[in-house]
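Hi everyone, thanks for coming. Please have a look at the sequence and structure as I put them up.

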Amino acid sequence: MASIIREIIIDAAPEKVWGIVGDFANGPMLTSPGFFSDCRLQGQDVRVLTFADGSGARERLVARGEQT
């Protein structure tokens, strides 16, 4: 199984950023409006994303760090 880790600097309070990007169920729709047409959970650790062009992807949540 592949994993992707990416670090970027965002000029905003950590709590505000984490509230959006840490939201596994709704984060993609909040961070990229128009890029995704749907995001739904299957269970608690898999989300199914539908892109605006109709293609899709399934992502499994492997780990989540709460550090700021």
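I'll talk about the largest pocket and then about some aromatic rings.

A word on the model: it is predicted, so local features need pLDDT of at least 70 and side-chain atom pairs count only at pLDDT 80 or more, while totals for chains, interfaces and linings use all residues. Residues are numbered from 1 along each chain as its sequence is written, and side-chain values use heavy atoms, with hydrogens and water left out.

Let's start with the pocket. By pocket I mean an open set of points on a 1 Å grid over the protein atoms alone, where a 1.4 Å probe fits, with protein on both sides within 12 Å along at least five of seven lines; lining residues have an atom within 4 Å of a point. The largest one has a volume (the space filled by probe spheres set on the points) of about 1700 Å³. Its lining has 35 residues, and Ile4, Ile5, Arg6, Trp18 and Val21 lie nearest the centre.

Now the rings. How many aromatic pairs does a search of the whole structure find? There are three, where a pair means ring centres within 6.5 Å, and planes under 30 degrees apart count as stacked, over 60 as edge-to-face and the rest as tilted. Phe35 and Phe51 are edge-to-face, with 5.5 Å centre to centre and 90° between the planes. Phe36 and Phe51 have centres 5.0 Å apart and planes at 40°, so that pair is tilted. Together, Phe35, Phe36 and Phe51 form one aromatic cluster.

Terms used. Rings of Phe, Tyr and Trp (its six-membered ring) pair if their centres lie within 6.5 Å; planes under 30 degrees apart count as stacked, over 60 as edge-to-face and the rest as tilted.
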